[in-house]
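Biologist: Please examine a single part of this model closely, beginning with strand pairing. I should then like to have that part set against the rest of the chain in one connected account.

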Amino acid sequence: MNARWQPTLPAPAAAPVTVLETTAWTRESRFHEYLDILIDSRWLIAIIAALALLVGVGYALFGQRMYEANILIQVEDPDRSGGNFPGDANGGGGISVKTSTAGETEILRSRMVLGQAMENTKLFISAKPLYTPLVGEFLARHSSHLSTPGIFGMGNYVSGTEQIAVAQMDVPSAFEGKKFTLIAGEGGNYTLTNPDLETPLTGKAGVPLDATVPGGALHLLVGSFEAQPGGAFELVRHSKQLTLLGLQKDLRVVEKGKQSGVMDVSLQAENRGQLANVLNEISRLYVRQNIDQKTVQAERALSFLGTELPKFKQQLEQSEDAYNQYRNQNGTINLDDEARNALAQNVDLQAKLLDAKQKRLDLVGRFTSAHPMVQTLDSQIASLKKELGAVDGRIRRMPMLQQNSLRMQRDIKVNTDLYATLLNSSLQMRLAKEGKVANVRVLDQALLAEKPVRPKPLIVIALALAGGLFLGGAAALARKNLKRSIGSPEDIEAVTGLSVYSTIPLSTQQRVLDRAIRTGKPGVKVLAALHVEDPALEGLRRLRTTLQYAMLGAPNNRVLISSATAGAGKTFVSSNFATLLASSGKRVLLIDGDLRRGSLSEEFGLQRKNGLSDVLAGGVPLEQGIHHRVLLNLDVMSAGTLHPDPAGLMASDAFEHTLATLSARYDVVIVDAPPTLLASETAAMAPNMGTLLLVARADSSEMGELVESAKRLAHVGAAFHGVVFNAVDTSRRQHRSYGYGYYGYAPATTTRSEPHYALDTADTVMPKRIEPEHATS
């Protein structure tokens, strides 16, 4: 053993080693990294998934039920529902213009239909029992009798078969959308309350309630209610306009099949009874408006035909009289083939021209002259007039006697056909008006829904579980990406430029020792002295081997071990590293340099007093401040009594002189320094140290703390030589992927009845358990 520190010269350079460059080895894919994170966070994912599943099950059991009902409406072709009447733009001569299913859908969703249906069914009035929170509706669905109001006798909540019917509810606009609470009393009496009412209102079922409230008058008519006295109901008078907009939005109209003319009209709501009533009322009003529209058209057509029929009848009689007189004067005139053909064409064109004019007259009453249908009829009328003019030209080239006879026969034929058509149309109009025939009909009425369409328990639970797993995985990845703690030594070396001298696995045995330290149990509580087979010590042995070479060029034999902040495990590293170094045969002094919160004395079962602070202050001689032979080859100097200026002590000449004296007596002097960022003593001690180590705790220390610690030492002209990566949890797959799982290489058999020795990395012998030898100071 050397009496003083003598740096060893480096060994001769060995033969150059050829480093084989290869690209075959690469870091595991990001997929495997993410997979490791997910597996390591399995409990977090499981907790989040369980919570999501619990929410899903709760919603499936206690969530609000939505029911759906539907009606089927058929839109028939007008040609099959009422005959052909004058004015049919589709070539029939009827009163209706055929409307597509899309047009009927818009009529069905119009305010004319839905607004009246809303008024008739009082859809803007919401009245339901005041159920017990969360579970009230669930209990009510499975109840067969009225419930006792309240929860444990408190409140007016119900959870049974309570029902209420409100026939009328009108409130000022300021009260629209606000909840009124109706509390049942004896004999059909009730009390109506609202936070904005000055005093509660009282009324009775079946009797209108009229009251003056802030902003106007309130009119309420409760038809009936079923509840025990004290049971409460919620009443809300919604805005009619907003209710209508909501109904238009929620009403779903879909044509079943392509061009089938059958519309499926469906609606979803909470109230099953009101849902069926609303849909049936919509279908009734829709059919009613269709009938009314046809009745109005029929009345308009009858009014037109009532004025035109006498005129056409008179024209027919005049044309027949004129032709009879002409025959009496000139005798019977036989027409050749050309004349008969001209007559037939003229009559046909006259009929078509009149029909087109009637259609245009009907369309002009509904559309402007720029409408495509009106413009199409104008083109047809111009074409018919042109063709009629050509036929008239052919007739004018015939002999005069034949021309006159042909014109008279034409007038009789045209007038006869028109008069017969109008007379037939008049009869059909009367039939349509009296028969009230529509071209739409309801195929299926809405039925009372028995099962809710939402929520679907199995789907909700499956989605909740899938969503919980997804959120759990996202939370695990986000925690990893957002967490600023250090996860691997590669990150330390890449960011700080410092070498990681050793990686120390997390020790389960140390937890027991920490508990013993907190409870103040006597004796040595150092892992390296009690559990030599612990895998964490392999990392410290690697540190011992590394420092043997790192200290070759150091100016002295002093090693400072610090951390950026508290909790990184610097005291654990200091005490166990010193114990292992002493077990290799070197004489080691371990100094507790944390004068504020030093705990080395507790780990070795020593007294804190008469330590470093007392020696530096001159109150205790140096020899009395050292606890000799605490373990084999290991002496310990505790922190001493608390001092008001610990940084001043460390910056004093006394500290430098003390270190020089101790360095000459020991092979290695190890100083457990306070956290660099929390105390200025570390920076004051650093210039006097030969080797400086920074301890970082895996998944706890942050990279910025290490960088800032290096800056603090740089200000005093010192620098950390390396980093000790402490407390790596090798049970986590993410850390095992870096090779940290290979710290369990213990002897095959261990005989505890006899002393056991194991060779460490320095080929030195170390006892498994070393009993402390306390020296009195």
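Modeller: Two strands are said to pair if DSSP finds at least two bridges between them. The model under discussion is predicted, and the part I have chosen is strand β4, which spans residues 179-184.

On one flank, β4 is joined to strand β5 (residues 189-193) by 4 bridges, and the two run antiparallel. Within this pairing, Leu-182 of β4 has Leu-192 of β5 opposite it. The two strands form a hairpin with 4 residues between them. In that turn, Gly-187 adopts a positive phi of about 60°.

β4 is also joined to strand β9 (residues 232-237), here by 5 bridges and again in the antiparallel sense. Two positions fix the register of this pairing: Ile-183 has Ala-232 as its bridge partner, and Thr-181 stands opposite Glu-234.

The two faces of β4 are unlike in their cover. Phe-180, Leu-182 and Ala-184 make up the covered face, whereas Lys-179, Thr-181 and Ile-183 make up the uncovered one. Leu-182, which faces Leu-192 across the hairpin, therefore belongs to the covered side of β4, whereas Thr-181 and Ile-183 belong to the uncovered side.

The wider setting is an open sheet of 5 strands in the order β2-β9-β4-β5-β6, with antiparallel pairing. β2 (125-129) and β6 (201-204) stand at the edges with a single partner strand each, so one side of each lacks a neighbour in the sheet. Neighbouring strands of this sheet are turned against each other by 25° on average, with direction ignored.

A useful contrast is strand β15 (residues 588-592). Here 5 of the 5 residues are buried, so the strand is largely enclosed by the rest of the structure. The cover extends to both faces of β15: Val-588, Leu-590 and Asp-592 are buried on one side, and Leu-589 and Ile-591 are buried on the other. Whereas β4 pairs antiparallel with β5, β15 pairs in the parallel sense with strand β17 (residues 634-637) over 4 bridges. It also pairs in the parallel sense with strand β18 (residues 668-672), over 5 bridges. Val-588 of β15 stands opposite Leu-634 of β17, and Leu-590 of β15 stands opposite Ile-670 of β18.

Another strand, β14 (residues 558-563), contains Ser-563. Ser-563 has a relative accessibility of 1% and so counts as buried. A polar atom of the Ser-563 side chain lies 2.8 Å from the backbone oxygen of Thr-565. Apart from neighbours within four places in sequence, Ser-563 is in contact with several residues, among them Ala-568, Lys-570, Pro-674, Pro-675 and Val-695.

The helices complete the comparison. Two packed helices are described by the angle between their axes and the distance between the axes. For helix α2 (residues 42-62) and helix α12 (residues 457-482), the angle is about 155° and the axes are 7 Å apart. Angles over 145 degrees count as roughly antiparallel, and α2 is therefore roughly antiparallel to α12. The crossing of α2 past α12 is right-handed.

For helix α13 (residues 489-496) and helix α23 (residues 703-714), the axes come within 10 Å and cross at roughly 45°. This makes α13 oblique to α23. The crossing of α13 past α23 is right-handed. The residues that meet there are Asp-491, Ile-492, Val-495 and Thr-496 from α13, and Met-703, Leu-706 and Val-707 from α23.

One further helical residue links distant parts of the sequence. Asp-40 is found in helix α1 (residues 30-40). With a relative accessible area of 16%, Asp-40 is buried, because the limit for that class is under 20%. Asp-40 and Ala-476 are 436 residues apart in sequence, yet their C-alpha atoms are 8.9 Å apart in space.

The totals for the chain give the background to these local views. The chain has 24 helices and 22 strands, and 44% of its 777 residues count as buried. Of the contacts between residues at least 6 apart in sequence, 76% join residues at least 24 apart.

Terms used. Residues numbered from 1 in each chain as written. Predicted model: local features only at pLDDT ≥ 70, side-chain atom pairs only at ≥ 80, totals over all residues. Heavy atoms only, no water. Buried < 20%, exposed > 50% of the residue type's maximum accessible area, 1.4 Å probe, protein only. Polar contact = N/O pair within 3.5 Å; in protein donor to acceptor, adjacent residues only side chain to side chain. Contact = heavy atoms within 4.5 Å. Axes fitted to C-alpha atoms, helices over the stretch in contact; angles between N-to-C directions. Parallel < 35°, antiparallel > 145°, perpendicular 65-115°, else oblique. Left-handed = near helix turned anticlockwise from the far one by under 90°.
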